[in-house]
Amino acid sequence: MALRALASVNLAAIERNVVSLRTRLNGGAELCAVVKADASGHGAVPVARAALAGGASMLAVATAGEAAELRAAGLTAPLLVLGAISSEELPVVLAAGAEVVAFNVRFVGQLAAASAAVSGDRPVGVHVKLDSGMGRLGTRDAEEAFAVAAAVGERAPGLRLVGAMTHLATADGDLDFAAAQLAVFAPFATELQRRFGRLRIHAANSAATLRVPASHFDMVRCGIALYGCDPMNEDPDSTGLEQAMELSSYVAAVKRAEAGDSVGYGRRFIAQRPTWVATMPIGYADGVRRGLTNNCDVLIDGRRYPLIGTVSMDNITADLGEGGSDGEPAGRVGAPAILIGRSGQERQTVEDIAHRLGTINHEVLCGISARVPRRYHRDGMPVP
Ligand SMILES: Cc1ncc(COP(=O)(O)O)c(C=O)c1O
């Protein structure tokens, strides 16, 4: 039975993507599956399970709430919170038994106080972040980063320095700048380990995992590649990964428009000739952005039709054309309508939608709203 809007996620594809990514890693580096933002709309818990089944050895999220969600679902894998954590959020992170990233000495003090208040039997793993060029979190000053590392040892028995990391700004573009960042980070990581012992060193996101082997160190942190999207925001097939997300609706109505008839809010489509118009009950409240007005395709029964008129909150419309010589419409009521995915030989990727909107695949995926039910399968076999 068709649903008005549905996000179908192929967990087998995610698992295979992790296996494939791991085969590309330098000298035994591990893979951390970054499942923040509900695994970019795919569902953090099922994606985390699929990634672990594919051999991921760690999970990462951005927020305390995301860490708690994974633990509440029974996931016990090592877990890293990548983002800044306020003192209000720290107890949630500690209760989740997650590792954290330290950006400054002040944070280490807050962490020590919070961990002392929690009677956990395992020390909190801390990763020191060096800002080698991203310009957001972390210190640019290696001496300050050494001081952060030293503070972890000094402040509390409940803390343990376990890693050092940086984040690359241009692994999807300017590889010279990425190399310059690594030229800052690598000696820092070496010196840090000389002073504090063996640590887990990590720098690579998906783009760096695919393009910059020198960035693999001990672990890579992959997000977008898990879902079979292209970190360079081009053709995902070129990565050898499989896109896991399908976003669909169905044709709820087909009706005739005569030349001069308009469709949708603002009359932004006016038929130039008699044609058939399909209405699909999915709209911007589901994540089909209004910027796709007159600027997207819909795949129906293996054919590609232009989305016409304004994207409404709950509906979109497509031009099915003049129909057959018998005057019957080309598209049938009830047919699945694919916004992201394949229909016959046709496909529309997350990246295609991103290009239409002048954005990146991440933002398209994160925009698929909570109103859209997620359904999981493994190569077509439903997963409960
Ligand atoms: C610190 C950090 N590492 C890794 C990632 C994963 O990036 P990507 O989804 O491009 O693989 C992110 C996501 O933005 C991140 O913030």
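## The pocket and its ligand

A pocket is an open set of points on a 1 Å grid over the protein atoms alone, where a 1.4 Å probe fits, with protein on both sides within 12 Å along at least five of seven lines. In this predicted model, the ligand sits in the largest pocket (more than half of its atoms lie within 2 Å of the pocket's grid points).

## How to read the model

Residues are numbered from 1 along each chain as its sequence is written, and side-chain values use heavy atoms, leaving out hydrogens and water. Since the model is predicted, local features need pLDDT of at least 70 and side-chain atom pairs count only at pLDDT 80 or more, while totals for chains, interfaces and linings use all residues.

## Around the ligand

Who are the ligand's neighbours? With a heavy atom within 4 Å of the ligand, they are Lys-36, Leu-82, His-167, Asn-205, Ser-206, Arg-221, Cys-222, Gly-223, Ile-224 and His-362. This shell holds 3 nonpolar, 5 polar (Gly counts here) and 2 charged residues.

Some of these neighbours make polar contacts, pairs of N or O atoms within 3.5 Å. A polar side-chain atom of Ser-206 is 2.5 Å from a ligand oxygen, and a side-chain N or O atom of His-362 is 3.0 Å from a ligand oxygen. Gly-223 uses a backbone N or O atom instead, 2.8 Å from an oxygen of the ligand. On its own the ligand has 390 Å² of accessible area (Shrake-Rupley method, 1.4 Å probe), and the protein covers 87% of that area.

## An aromatic pair

Aromatic pairs (ring centres within 6.5 Å) number 3 here. In one of them, Phe-185 and Phe-217 meet edge-to-face (planes over 60 degrees apart), with 5.5 Å between centres and 85 degrees between planes. Phe-185 belongs to helix α8 (residues 175-196) and Phe-217 to the loop between α9 (206-211) and β9 (219-222), so this pair ties together parts 32 residues apart in sequence.

How values were computed. A polar contact is a pair of N or O atoms within 3.5 Å; within protein, one must be able to donate a hydrogen and the other to accept it, and residues adjacent in sequence count only if both atoms are side-chain atoms. On a 1 Å grid over the protein atoms alone, a cavity is a set of points where a 1.4 Å probe fits but cannot get out, and a pocket is an open set with protein on both sides within 12 Å along at least five of seven lines; lining residues have an atom within 4 Å of a point. Rings of Phe, Tyr and Trp (its six-membered ring) pair if their centres lie within 6.5 Å; planes under 30 degrees apart count as stacked, over 60 as edge-to-face and the rest as tilted. Helices (H or I, at least four residues) and strands (E, at least two) are DSSP runs, numbered from the N terminus.
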